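Visitor: I'd like to walk through this model with you, one question at a time. Could you give me the reasoning first and the answer last?

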Amino acid sequence: FLLAALISPLLFNAGKNFAEVFANKDTTDTFTWLGKKAAKAEFDTYFKRALLLTALLGLWPLIRAIRSSRPTDDDSVWLSLFRRPENSLLSGPRQCGVGFFTSGGIFLIMALMIHILGWRTWDPTVPTNEIPNLALKSLQPAIAVSLLEEILFRGLLMGVFLRSFRPAFTIFAISLLFAFVHFLQPPSGNHVSNPYALTAGFEMLSLIGQRFLEPQLLIFAFSSIFLTGIILAIARQRTGSIWLPIGMHAGWIFSVHLYLKLTEHHPNHPNGAGIYLGDSIREGILPLTALIITGFIIVIYLRKSPSPETPSP
């Protein structure tokens, strides 16, 4: 976080200078596309990219330190992440499909309850013929984010931790790290006073720290993300691959993105309902309950399959 605070203003200035050169060109090449993206991005986006970059830089010494703590005959770092187990119940595509439709289906049931309670309503500005296009736009980040995060958290990091720690501690530690990384995100929008100043990154750090002063957000948002990490880590440990976590993760992201694009807060939304459903529909008692139900369904599904054996070196 400190390194991200130092380099994010430099990254922001470089991005805006890049946008001035390429964003206004009448071409469709990659540099023009990147220039337009850089021109639209606010400081919080640059801070997120700086945070990811510094995390990747710090990942290598962590891997080196943990890998040297045990012989190489333990769990490999990647542990056959994309392998196709011999049991047909655990085939990769089936795992992915079960995870996607289970997590997405439970969320749709929760969405139906939200409409029955009158907390959200359909957005009248969204035409019906735009729904397939919105679904496609929601599917793209679902695939990209689920692949990236599952390879990093349940793939590389979990494989590294399993070399030195027991599975129970590994599941807890990776899920806690997953929750902190997602919870400690800068607020949406450009809230820093001067994004070009060299101290803008530290101002963003103070804004991130203010999230801990909101008890409701801390309890419900953090617990939901942590429980999500636990469910995904158990699925990865039980199946020996990341097919099932990828499907579950993609199902959650797709359903949330699409639902937010199609609906809006009801004007008569009661103030007390925030405990049960937050503004982003990811926090609250109702989403937490949906996660618990999803976890139980996945555990029941996994009980039908044998535990994967650690591949021989």
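Visitor: Which helix is the place of A111?
Guide: Quick ground rules: this is a predicted model, where local features need pLDDT of at least 70, side-chain atom pairs count only at pLDDT 80 or more, and totals for chains, interfaces and linings use all residues. Residues are numbered from 1 along each chain as its sequence is written, and side-chain values use heavy atoms, with hydrogens and water left out. Helices (H or I, at least four residues) and strands (E, at least two) are DSSP runs, numbered from the N terminus. On that numbering, A111 falls within residues 92-117, which is helix α4.

Visitor: Is A111 buried or exposed?
Guide: Buried means under 20% relative accessible area, exposed over 50%, and partly exposed in between (1.4 Å probe, protein chains only). A111 has 6% relative accessibility, so it counts as buried.

Visitor: How far is the C-alpha of A111 from that of S255?
Guide: Along the chain, A111 and S255 are 144 residues apart. In space, their C-alpha atoms are separated by 9.5 Å.

Visitor: And A250, what separates its C-alpha from that of S103?
Guide: A250 belongs to helix α9, residues 243-262, and is buried because its relative accessible area is 8%. S103 is 147 residues away along the chain. Between the two C-alpha atoms the separation is 8.6 Å.

Visitor: How many helices and strands does the protein have?
Guide: Read from the N terminus, the elements go α-α-α-α-β-α-α-α-α-α-β-α. That comes to 10 helices and 2 strands.

Visitor: Where in α1 does the kink lie?
Guide: Helix α1 covers residues 2-22, so 21 residues by the DSSP runs. From first C-alpha to last it reaches 31 Å, close to the expected 30 Å (1.5 Å times one less than its number of residues). The bend at a residue is the angle between axes fitted to the seven residues ending there and the seven starting there. A kink of about 35 degrees turns up shortly before the proline P9, at S8.

Visitor: Is L3 buried or exposed?
Guide: L3 is in helix α1, and T54 lies 6.5 Å from it, C-alpha to C-alpha, though 51 residues away in sequence. The buried residues of α1 include A4, A5, S8 and P9. L3 has a relative accessible area of 53%, so it is exposed.

Visitor: Which helix gives the most to the largest nonpolar core?
Guide: A nonpolar core is a set of buried Ala, Val, Leu, Ile, Met, Phe, Trp, Tyr and Cys residues joined through side-chain atoms within 4.5 Å. The largest one has 38 residues, of which F43, F47, M158, I174, F183 and M204 touch the most other members. Helices α1, α3 (43-67), α5, α6 (167-183), α7 (200-209) and α8 (215-239) each supply at least two residues of this core. With 7 residues, the top contributor is α3.

Visitor: Which side chains meet in a salt bridge?
Guide: The rule asks for a side-chain nitrogen of Lys or Arg within 4 Å of a carboxyl oxygen of Asp or Glu, and the count comes to 1. The partners both lie in helix α5 (residues 131-161), 4 residues apart, about one turn of the helix. Each counts as buried because the relative accessibility is 0% for E150 and 0% for R154. At 2.7 Å, N to O, the pair is E150 and R154.

Visitor: The charged end of R154 sits over which ring?
Guide: A charge sits over a ring if NZ of Lys or CZ of Arg is within 6 Å of the ring centre and within 35 degrees of the ring normal. Here the distance to the centre is 4.4 Å, and the ring belongs to F178.

Visitor: Are the rings of F161 and F165 stacked, edge-to-face or tilted?
Guide: Rings of Phe, Tyr and Trp (its six-membered ring) pair if their centres lie within 6.5 Å; planes under 30 degrees apart count as stacked, over 60 as edge-to-face and the rest as tilted. The whole structure has 12 aromatic pairs. For F161 and F165 the centres are 5.6 Å apart and the planes at 45 degrees, so the pair is tilted.
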